[in-house]
Amino acid sequence: MLELVDAGLAYGSRHLWSGLSLRVSPGEFVAVLGANGSGKTSLVRAILGLQPLSEGTVRVTDGIGYVPQQRRILPLTPLRARDVVGQGLDGHRWGFGRSAGRAARIAAALEAVDAAELADRPVGLLSGGEQQRVRVAQALVAGPRLLLCDEPLLSLDLRSQRTVTALVDRRRREAGTAVLFVTHEINPVLPYVDRVLYLAGGRFRVGTVDEVFTSQTLSDLYGVPVEVVTVKDRILVAGIPQAHHE
Amino acid sequence: MSEIFNFADYGQLLALVHNSIAAGAVLGLVGGLISVFVMMRDMPFAVHSISELSFAGASGALLFGANVVLGSLTGSILAALVIGLLGSRARDRNSAIGVLMPFGLGLGVLFLALYKGRSANKFGLLTGQIVAVDTPQLSWLLVTSAVVLIGLVVVWRPLAFASTDPEQAAARGVPVAALSSVFMVLLGLTVAMSVQIVGALLVLSVVCTPAAAAMRVTASPVLVTALSVVFAVGSVVGGILLALGSTIPISPYVTTISFLIYVACRIIGARRTVAREA
């Protein structure tokens, strides 16, 4: 589905990460975590082919679904929810040709994210959580084999966060879609995640949650003492140095 | 009132101005379509700037005895491409556009001040001169429109994708930056056309207001496009027909019809959002 071999990314003299090797199998849910500026979004862009790697290779399946950061869609945007999903199907094609069964596929994709009743609503008038569900449908409608989610939970309320992560999880179970899920918070995806890629300070660690989220591992990554505590199925991390904003 | 309106010889007048009516209808069609993207891409301010530069180009051509249409086209396409290069984010763009606009207008005023010819020509570039559409001008208009229409048909879907969701479109392989340049050229052509007919100061009533009005009453992309074209053709052709029986130029009629349609759409649209939230 996705294979990175000795991949590295640098902007000028600034190395985001290097020597990154990662294989994601069908149906696997991999969470990508790390501080601001650690290169999580750049990783997604490199996988999408929008950002060339400075070293190593990336091999990726055809058919990637992409769920971007939640950004409010302007109220007057002349699109209904079904049109947004339709863009995921054929928005990139030239001309006006439409494939047979288009409407049915769009309806099914909306149904799959429990948004059938939103189909004819102006997308700009939906709530943030509803818009993000529509975006998940847009990413899934073309039947991707790999789903890239870049902070899809940002600025969503807790209920919408749960809905969106549960939808992504359902998809990979039912269709074997591999999932790479960028998030700054592990807890919302904790019930679903198979492995974690943790980026920090130009280095990284790949492993299960139990392997990566230990005081030892994170202290090593950040180079300062970091404390990891588990409280009632929630992981709390203390002592992460604040990222310096450039 | 009788001095402003006089429809006594309307039939004869109509025969004389069929060129203008054809020009108005074509401009309405193209303007209505382009305005959908102008609104999607949040570009009304940029359009105004392009039309000022188009005015500068046209008045420069007038002064130097060159083809006015060609001058207008050169100015507007140059401006459109420069604005296209400024980036797609409205915030980055707007300050540069605000700088470009008075420069264009000032340049145009300078050229007109130096021009010794008929003063009606001067005023027409700013506020419109559609009654004067002659056959060569009409054929030029038709050719430009055909170019814009064909261009729009080819790029419509990916351009709409890139205009409403550039990130997702880029992720799906849409050449977002290239499409932006293509759109700016099509926009430049449309603006140059509009400057010839409604004048540089009033271009927005044809290239922005129609879709802005349509977007108030529906979110269906097909319906927005259809309504936008109907509104644009209605205001331009309606404006010409009303102006025929009067001594007032065409522009105030076009802008007033266009504005009234917008107000009506806002009123209808306000009801629609309230009903939805209830």
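Two residues are in contact if their C-beta atoms, placed from the backbone, lie within 7 Å. With that in hand, let's explore this predicted model.

Q: Leaving aside neighbours within four places in sequence, which residues is Val47(B) in contact with?
A: Val47(B) is one of the residues with the most contacts inside the largest nonpolar core. Once neighbours within four places in sequence are set aside, its contacts are Val38(B), Leu187(B), Val191(B), Val203(B), Leu204(B), Val207(B) and Cys208(B).

Q: Which helix gives the largest share of the largest nonpolar core?
A: That core has 155 residues, and Val32(A), Ala137(A), Phe181(A), Val47(B) and Val203(B) have the most contacts inside it. Its largest share is 12 residues, and the element that supplies them is helix 9 (residues 176-198) of chain B.

Q: Is strand 8 of chain A largely enclosed or largely open?
A: A residue counts as buried if 20 or more other C-beta atoms lie within 10 Å of its own. Strand 8 covers residues 195-200 of chain A, and 5 of its 6 residues are buried. The rest of the structure therefore leaves strand 8 of chain A largely enclosed.

Q: In strand 8 of chain A, what is the bridge partner of Val32(A)?
A: Strand 3 (residues 29-34) of chain A pairs with strand 8 of chain A in the parallel sense, over 5 bridges. For Val32(A), the bridge partner in strand 8 of chain A is Leu197(A).

Q: How many bridges join strand 8 of chain A to strand 9 of chain A?
A: Two partnerships give a feel for this pairing: Val196(A) has Gly207(A) as its bridge partner, and Leu199(A) has Phe204(A). Strand 9 takes in residues 203-207 of chain A, and the two strands run antiparallel; the number of bridges joining them is 5.

Q: Which residue in the hairpin of strand 8 and strand 9 of chain A takes a positive phi?
A: The hairpin has 2 residues between its strands. The positive phi is near 55°, and the residue that takes it is Gly201(A).

Q: Is Asp157(A) buried or exposed?
A: Asp157(A) sits in the loop between strand 6 (146-150) and helix 5 (158-175) of chain A. A residue is exposed if 12 or fewer other C-beta atoms lie within 10 Å of its own. Asp157(A) has 12 such atoms, so it is exposed.

Q: What should the 23 residues of helix 2 of chain B span?
A: Helix 2 of chain B is largely enclosed by the rest of the structure, because 17 of its 23 residues are buried. Just after this helix comes Asp42(B), with a positive phi near 55°. Its end C-alpha atoms lie 33 Å apart, which agrees with the span expected for helix 2 of chain B at 1.5 Å a residue, 33 Å.

Q: Which helix of chain B gives the largest share of the side that touches chain A?
A: The contact takes 25 residues from chain B and 21 residues from chain A. On the side of chain B, the elements giving two or more residues are helix 2 (18-40), helix 7 (135-164), helix 8 (166-171), helix 12 (221-244) and helix 13 (250-277). The largest share is 7 residues, from helix 7.

Key: Residues numbered from 1 in each chain as written. Chains lettered and ligands numbered in written order. Predicted model: local features only at pLDDT ≥ 70, side-chain atom pairs only at ≥ 80, totals over all residues. Helix = DSSP H or I, 4+ residues; strand = E, 2+ residues; numbered from the N terminus. Pairing = 2+ DSSP bridges. Expected span 1.5 Å × (residues − 1). Core = buried A, V, L, I, M, F, W, Y, C linked by C-beta atoms within 7 Å.
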